[in-house]
4 protein chains.
Amino acid sequence: MAGRNALFIPGPTNIPDHIRSAVDLSMEDMRAPDFPEFTLPLFQDLKKIFKTETGQVFLFPGSGTGGWEAAITNTLSPGDKVLISRFGQFSHLWVDMLERFKLDVDCIDVEWGEGVPVEEFAKRLEADTNKEIKAVFACHNETATGVTSDIAGIRKALDAADHPAMLYVDGVSSIASIDFCMDEWGVDLAVSGSQKGFMLPTGLAIVAVSQKALEARHTAQHTRCFFDFEDMIKTNAQGYFPYTPATTLLRGLRASVDTLLGEGLDNVFARHNRMAEGVRRAVTEGWGLDLCAKEPKWYSDTVSAICVPEGFDSAEVVRHAYYEYNISLGVGLSKVAGKVFRIGHLGSLNETMLLGVLGGVEMTLRDLGIPVEAGSGVAQAVDYYRTTRGQALAAAAE
Amino acid sequence: MAGRNALFIPGPTNIPDHIRSAVDLSMEDMRAPDFPEFTLPLFQDLKKIFKTETGQVFLFPGSGTGGWEAAITNTLSPGDKVLISRFGQFSHLWVDMLERFKLDVDCIDVEWGEGVPVEEFAKRLEADTNKEIKAVFACHNETATGVTSDIAGIRKALDAADHPAMLYVDGVSSIASIDFCMDEWGVDLAVSGSQKGFMLPTGLAIVAVSQKALEARHTAQHTRCFFDFEDMIKTNAQGYFPYTPATTLLRGLRASVDTLLGEGLDNVFARHNRMAEGVRRAVTEGWGLDLCAKEPKWYSDTVSAICVPEGFDSAEVVRHAYYEYNISLGVGLSKVAGKVFRIGHLGSLNETMLLGVLGGVEMTLRDLGIPVEAGSGVAQAVDYYRTTRGQALAAAAE
Amino acid sequence: MAGRNALFIPGPTNIPDHIRSAVDLSMEDMRAPDFPEFTLPLFQDLKKIFKTETGQVFLFPGSGTGGWEAAITNTLSPGDKVLISRFGQFSHLWVDMLERFKLDVDCIDVEWGEGVPVEEFAKRLEADTNKEIKAVFACHNETATGVTSDIAGIRKALDAADHPAMLYVDGVSSIASIDFCMDEWGVDLAVSGSQKGFMLPTGLAIVAVSQKALEARHTAQHTRCFFDFEDMIKTNAQGYFPYTPATTLLRGLRASVDTLLGEGLDNVFARHNRMAEGVRRAVTEGWGLDLCAKEPKWYSDTVSAICVPEGFDSAEVVRHAYYEYNISLGVGLSKVAGKVFRIGHLGSLNETMLLGVLGGVEMTLRDLGIPVEAGSGVAQAVDYYRTTRGQALAAAAE
Amino acid sequence: MAGRNALFIPGPTNIPDHIRSAVDLSMEDMRAPDFPEFTLPLFQDLKKIFKTETGQVFLFPGSGTGGWEAAITNTLSPGDKVLISRFGQFSHLWVDMLERFKLDVDCIDVEWGEGVPVEEFAKRLEADTNKEIKAVFACHNETATGVTSDIAGIRKALDAADHPAMLYVDGVSSIASIDFCMDEWGVDLAVSGSQKGFMLPTGLAIVAVSQKALEARHTAQHTRCFFDFEDMIKTNAQGYFPYTPATTLLRGLRASVDTLLGEGLDNVFARHNRMAEGVRRAVTEGWGLDLCAKEPKWYSDTVSAICVPEGFDSAEVVRHAYYEYNISLGVGLSKVAGKVFRIGHLGSLNETMLLGVLGGVEMTLRDLGIPVEAGSGVAQAVDYYRTTRGQALAAAAE
């Protein structure tokens with residue numbers, strides 16, 4: 001098939017050439033005497049990405065799912081009460097994991113298309129006068145529905161209730177793309193992965209942990225070994241790892257962190273917002289379709305889940321786009337299977353790439369008889385992007 | 001800058017991942033005893049790309065310009081009379097080279113936007129009863145104006161005049177993208193390069209030579225050494241080269257030839273035509289702009305030169321697109337500087353990539369006040385591409 | 001520093017160019033409709049590497065340590081009685097993991113330099129008339145001491161005692177380098193990783209599981225999620241994964257498996273033996289130093305641990321070789337820290353590479369005053385390699 | 001075949017990973033508005049490699065042979081008298097080229113194994129009272145015999161005779177590896193290529209030209225176009241090229257120049273000398289074989305040509321090493337075919353790599369019955385390298 005696959009799933013994302021080069025390495029000795037000269041500064045700089053000064057960042061071979069497991073098993077014990085809400089496939093999977101680890105899960109189901117019900121959380125925390133809730137879990141960006149939740153709001157709810165529960169955040173598809181302030185928001189455990197905002201191949205779980213959460217490892221009763229914080233703390237202190245790390249990804253991560261900090265995190269976030277808004281205009285004003293996210297406050301800057309009209313199958317959109325036009329879109333998962341398809345707009349992208357996929361989706365929708373006008377979405381994005389050119393950077397510069 | 005540069009110059013072209021991997025090699029010994037096991041089949045298969053059974057293909061480190069020089073110096077002598085026409089920067093440069101090599105050049109200037117004036121050629125050949133014209137030169141695809149000429153027609157003119165002049169074709173931006181039939185058209189010297197239809201980095205001049213032209217080396221008086229056919233013939237026969245060849249490009253060329261032959265040349269040409277036609281519809285029917293090519297019969301399937309309206313500067317289009325949107329377009333060269341910008345649509349491309357650059361050009365034109373409607377070009381291409389989906393392949397299959 | 005780092009740790013190993021190219025990819029959609037066309041045959045071919053027809057192979061993002069954890073948590077329950085022996089850092093770490101997972105560990109410590117005490121195992125299995133031992137653990141190749149154990153012997157002991165305990169094997173530094181016969185030896189869980197015999201970057205735990213062990217997942221009480229077999233079984237059956245897999249490593253694994261099967265596993269093993277024997281001759285007959293492995297029957301074909309004479313510090317050998325000559329050797333770990341250094345000789349290596357590192361070690365030893373004669377080790381290897389040239393292949397061909 | 005090919009031909013040389021990454025790029029627009037920001041500083045820094053402040057460096061797609069042709073055709077005319085000596089295949093080929101370009105060649109043949117006969121040159125220059133000799137040609141490093149000539153001596157001879165002839169130097173296998181002082185030695189044309197000391201793939205001719213030689217372009221009567229200095233001067237001044245340049249090699253050249261200047265040229269030369277001397281000790285003192293270079297003053301620090309004893313065929317050495325041990329050595333060329341084999345020791349190499357190939361050659365020689373003792377050469381190199389460790393750098397630091 002001629003030309004590049006248009007990769008617009010919400011992760012793994014497109015790897016910039018220079019980061020790909022940084023990963024394409026000969027193997028090296030992870031016990032070399034000068035290895036710490038590489039790792040120790042990396043550990044420090046990763047903290048900047050999470051906006052934490054007091055926390056510690058761990059790097060596990062694995063994926064975001066492994067990061068979730070690390071967060072849970074190092075800090076909680078079977079039977080601990082935890083509060084969470086479910087509004088998409090990834091928040092669902094997290095609930096499922098909590099249950100498998102035999103936690104006492106208080107799960108608030110909300111409609112898919114909404115996010116964390118902060119007010120309901122506030123009520124339950126307020127009501128928990130015995131402070132039995134050990135942990136509050138929040139999915140910052142629900143990748144299945146394109147919904148971003150208000151983590152700062154949860155912190156306020158916790159503080160308002162003067163509640164000591166720890167705050168766990170799934171930031172797999174938000175961190176390094178959408179603003180995330182670990183210290184300011186009082187997040188205790190934040191989980192991310194290499195293959196989204198970090199623009200790397202899959203293979204690293206990246207977990208940031210507050211001092212409070214680190215302390216919890218001493219009392220947590222879950223068995224653990226591969227994901228054990230204690231082993232990491234001891235060996236990382238010397239610049240090493242408890243077992244063979246994925247050195248090529250670590251070298252790539254160095255390039256990724258340099259790239260992100262070089263652009264400036266606020267510029268990165270503004271850029272993601274601008275890219276996303278162009279897509280949303282195409283979808284809603286150009287094509288006249290609905291986003292799965294119910295209200296603008298839920299809109300995700302990393303992925304848009306787009307509803308197909310009644311009578312059409314979104315899985316067919318994804319399949320047709322892939323086989324006919326070499327475009328990779330996100331499928332609808334679980335409850336929204338057949339109802340939404342997704343355009344990931346995170347990582348190393350620009351206007352031209354997004355105009356291309358918007359045009360590609362237009363071909364697909366029209367092929368399948370879904371009534372959108374040719375060029376209608378692209379027209380919206382063209383004018384949005386060009387009239388906001390330079391604004392993102394300017395805003396960040398203020 | 002986030003995202004990929006949108007490379008839409010008419011070469012160098014986008015390198016597919018698997019060809020890039022084939023080039024990204026350790027160095028090797030070009031005198032290794034098994035090196036011929038690699039080179040000899042490559043020499044054979046290259047002939048299929050030129051559609052020649054009787055010719056021989058030479059690979060020089062260099063570029064298309066070096067290929068021109070090889071063609072001239074190996075087969076002609078100072079003072080030889082040659083016939084050529086000029087209608088763009090690349091045919092101009094070829095004329096210039098002929099003059100530098102002290103040939104007696106009969107150059108027919110035609111308007112830029114037209115191609116080889118076959119009827120005028122026919123007349124002059126007819127009139128050349130003493131058969132003084134030693135060679136006829138034709139630029140198959142003038143990259144500066146997006147004009148493709150009728151090589152078969154020139155052959156007919158030569159045959160009609162029963163003229164023994166050799167036929168030289170610049171196929172740098174046509175071969176491997178637009179149908180080229182060396183044997184059928186009686187082409188004696190065809191010149192190409194690695195960085196266009198072959199989808200490789202710049203660095204190889206690829207020259208196909210008929211037996212008749214090979215014979216001419218014995219009488220040609222031009223001095224030559226680096227580009228000498230004789231040295232190549234002797235060493236190539238054993239699978240080697242007269243000096244160190246660019247082995248990484250040769251390995252890449254193997255991958256390129258396999259890819260082209262695997263797709264089928266006719267499919268490759270049909271694909272290029274379809275990609276090109278979508279761009280032309282966007283330009284003419286969507287944006288209402290003119291192509292530099294004066295008539296459809298001149299339309300090039302590898303590059304479109306697009307005229308900006310009076311009062312606008314096409315150089316500014318190219319510059320703005322580059323700095324504001326990370327798009328690389330072709331500038332207007334020489335006579336059409338400031339008047340046209342160019343979209344290359346050859347090599348490894350697909351619908352989505354072209355829709356992206358069309359959208360990107362729309363942003364650019366509107367930014368600069370050139371009156372085109374947002375989405376108008378993309379809309380034309382969207383519907384053209386989707387309604388012709390599969391046709392190219394089907395046509396080729398007949 | 002000029003030239004390549006000489007990487008002779010016992011993993012990660014040197015990546016051949018073509019496998020490195022196979023990993024150096026753009027990202028892809030792990031939910032693409034044709035992804036199973038890639039994964040399903042890979043799952044099948046991996047079974048050939050383990051020499052199993054009835055087992056199933058799982059691929060987790062992670063490392064060998066993760067593979068151990070997967071093996072334990074999916075098949076055992078806290079309190080289960082297990083039999084193991086300890087004779088090096090990696091068997092030690094496995095014992096440690098078993099204890100963390102609250103198994104009832106019967107650990108037989110033997111001297112470092114020996115391997116699994118098969119006769120003692122036989123006795124304990126014989127004595128376990130109530131069949132309380134649920135699992136027997138064996139480290140096939142102890143990477144810390146260069147000792148290979150007799151897995152077939154353990155199977156015989158189990159059979160002799162008519163004991164139903166499952167057999168777990170750590171094959172991280174043996175599988176794909178030293179003969180391993182999962183079905184023939186009745187191994188129930190075999191753990192490997194991508195970065196040794198598979199010649200890939202670190203990042204995959206590769207776990208082969210017998211049907212009996214798969215059954216055990218239904219009763220195993222350990223909590224697990226990331227490493228859960230059930231999730232893998234369900235999704236792998238369709239060619240997918242329960243969470244984002246490391247697609248670039250999977251593509252590399254395809255190249256690795258093709259390379260191993262293309263060479264022929266028996267040829268691969270014979271090659272490793274021959275490479276190893278040259279090193280051993282250099283060490284013992286050339287330098288007059290002792291191997292950590294006490295007897296030839298323990299000799300490992302993938303790594304040699306070499307004792308420095310009394311009064312010298314092996315850590316200094318490793319450090320000096322690294323800083324002065326850009327050579328990466330394995331350090332002595334735990335009990336043998338300061339006493340041994342290690343030369344890994346597994347993966348993509350040949351005579352020249354090994355002669356280079358042997359010469360490099362000679363420089364290092366002499367620099368540090370350890371009495372070895374210049375050229376003495378290399379001389380042994382030169383004559384061993386050249387007189388056995390072609391034998392490995394011939395033996396395998398019989 | 002397992003393991004890496006041991007590439008020890010005298011070019012192409014081993015490419016360091018970071019330079020290979022610098023070459024492994026997407027294509028780019030060579031007419032981009034910011035392209036000069038890349039090229040202009042590169043042109044300047046290249047002058048440092050040649051140690052010239054007043055000269056200009058040109059980069060042609062091609063090879064060293066192309067560079068020779070550029071030097072000749074831009075500055076000389078048919079019939080011009082030139083002085084040269086011949087003592088190996090590459091000086092022979094240069095003589096051949098001079099004759100093809102119809103120069104009046106005064107060629108002094110000296111025995112292969114010696115270099116430029118400076119005294120004889122001095123005599124002829126002295127005798128040329130009419131100053132008819134327009135140019136003196138010298139091969140700085142004859143790659144076929146491993147002989148380095150005294151360029152400074154030739155300058156002295158020219159000055160002593162007060163002779164205005166221009167000085168042309170073939171530095172293909174010396175520049176960036178052996179000290180070369182263009183300005184100090186009054187060199188007018190120096191030719192190199194990308195694939196030797198620059199550690200890049202083949203594909204660039206690198207030609208440095210003095211102001212005097214640049215002037216000569218106005219009177220030189222040779223026809224030329226591809227290699228025309230004038231076109232280069234005009235376009236390079238703006239940061240561009242007269243035709244499509246090999247951008248990936250240019251980007252790699254930037255990395256190469258940075259690496260060379262970062263190490264410090266004098267360190268680079270000292271390193272090459274030390275690597276070479278170890279090989280020479282192995283050859284002469286270890287194996288008891290002769291170098292083709294007749295005296296130490298001719299010894300080349302980039303390549304050693306080694307004589308096989310009477311009755312043996314050096315071609316068989318090269319062939320056996322390649323097929324049996326995956327080692328690439330240089331063959332004997334022309335007059336010394338069958339008599340010498342060559343070990344290239346230039347570019348990115350270190351002790352371990354050279355000890356490996358020395359061991360590999362020992363296996364080969366012994367296999368073929370050439371009487372050398374196993375380990376004998378390596379032993380010499382081991383002790384030479386280790387006792388001179390750090391000296392090269394120290395010497396350079398003085």
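# A guided tour, starting from one lysine

Start by selecting A:K196, which UniProt lists in an unreviewed entry as "modified residue: N6-(pyridoxal phosphate)lysine". UniProt positions are given here in the numbering of this model, feature names are shortened, and annotations may be inferred rather than shown by experiment.

A word on conventions before we move on: residues are numbered from 1 along each chain as its sequence is written, while chains are lettered from A and ligands numbered from 1 in the order in which they are written. The model is predicted, so local features need pLDDT of at least 70 and side-chain atom pairs count only at pLDDT 80 or more, whereas totals for chains, interfaces and linings use all residues.

**Stop 1: around A:K196**

With A:K196 still selected, look along the backbone on either side: this lysine sits in the loop between β9 (189-193) and β10 (204-209) of chain A. Helices (H or I, at least four residues) and strands (E, at least two) are DSSP runs, numbered from the N terminus.

Is A:K196 buried or exposed? It counts as buried, because 29 C-beta neighbours lie inside 10 Å. The cut-offs are these: a residue is buried if 20 or more other C-beta atoms lie within 10 Å of its own, exposed if 12 or fewer, and partly exposed in between, with C-beta atoms placed from the backbone.

Now add its contacts to the selection. Leaving aside neighbours within four places in sequence, A:K196 is in contact with A:G11, A:T13, A:V172, A:S173, A:S177, A:L346 and A:G347. Two residues are in contact if their C-beta atoms, placed from the backbone, lie within 7 Å.

**Stop 2: the loops of chain B**

Hop to chain B and select B:M199, in the loop between β9 (189-193) and β10 (204-209) of that chain. B:M199 is not a glycine, yet its phi is positive, about 60°. With 29 C-beta neighbours inside 10 Å, B:M199 counts as buried.

Next, select B:G11 and B:P12. The peptide bond from B:G11 to B:P12 is cis, with omega near 0°. B:P12 belongs to the loop between β1 (6-7) and α1 (17-23) of chain B.

**Stop 3: where chain B meets chain A**

Show chains A and B together. Here 34 residues of chain B are in contact with 34 residues of chain A. Which helices of chain B each supply at least two residues of the side that touches chain A? They are α11 (314-325), α12 (351-367) and α13 (376-387). Colour α12(B) first if you like, since the largest share of that side, twelve residues, comes from this helix.

Colouring by residue type splits the side of chain B that touches chain A into 14 nonpolar, ten polar and ten charged residues. In this count Ala, Val, Leu, Ile, Met, Phe, Trp, Tyr, Cys and Pro are nonpolar, Asp, Glu, Lys and Arg are charged, and the others, Gly among them, are polar.

Now try superposing the two chains. A rotation of 180° with 0.0 Å of shift along its axis places chain B on chain A, with an RMSD of 0.0 Å. The two copies are thus related as by a two-fold rotation axis. The fit is by least squares on the C-alpha atoms of residues with pLDDT of at least 70 in both copies. To find the axis, select B:G356: of the residues of chain B, its C-alpha comes closest, at 1.7 Å. The same surface serves both copies, as 100% of the contact residues of chain B recur in chain A.

**Stop 4: two helices of chain D**

Move to chain D and select α11 (residues 314-325). Its buried residues are D:S314, D:V317, D:V318, D:A321, D:Y322 and D:Y325. They cover an arc of only 120° around the axis, so they lie on the same side of α11(D); the arc is that of the directions from the helix axis to the C-beta atoms. These buried residues pack against α12 (351-367) of chain C together with β12 (327-329), β13 (340-344) and α12 (351-367) of chain D.

Step on to D:N326, which follows α11(D) and has a positive phi near 60°. D:N326 is partly exposed, with 19 other C-beta atoms within 10 Å.

For the last selection, take α4 (residues 89-100) of chain D. Nine of its twelve residues are buried, so α4(D) is largely enclosed by the rest of the structure. Among the buried ones are D:F90, D:W94 and D:M97. Their cover includes α3 (64-75), β3 (81-86) and β4 (104-109) of chain D. Just after α4(D), D:K102 takes a positive phi of about 60°.

Definitions and conventions: Expected span 1.5 Å × (residues − 1).
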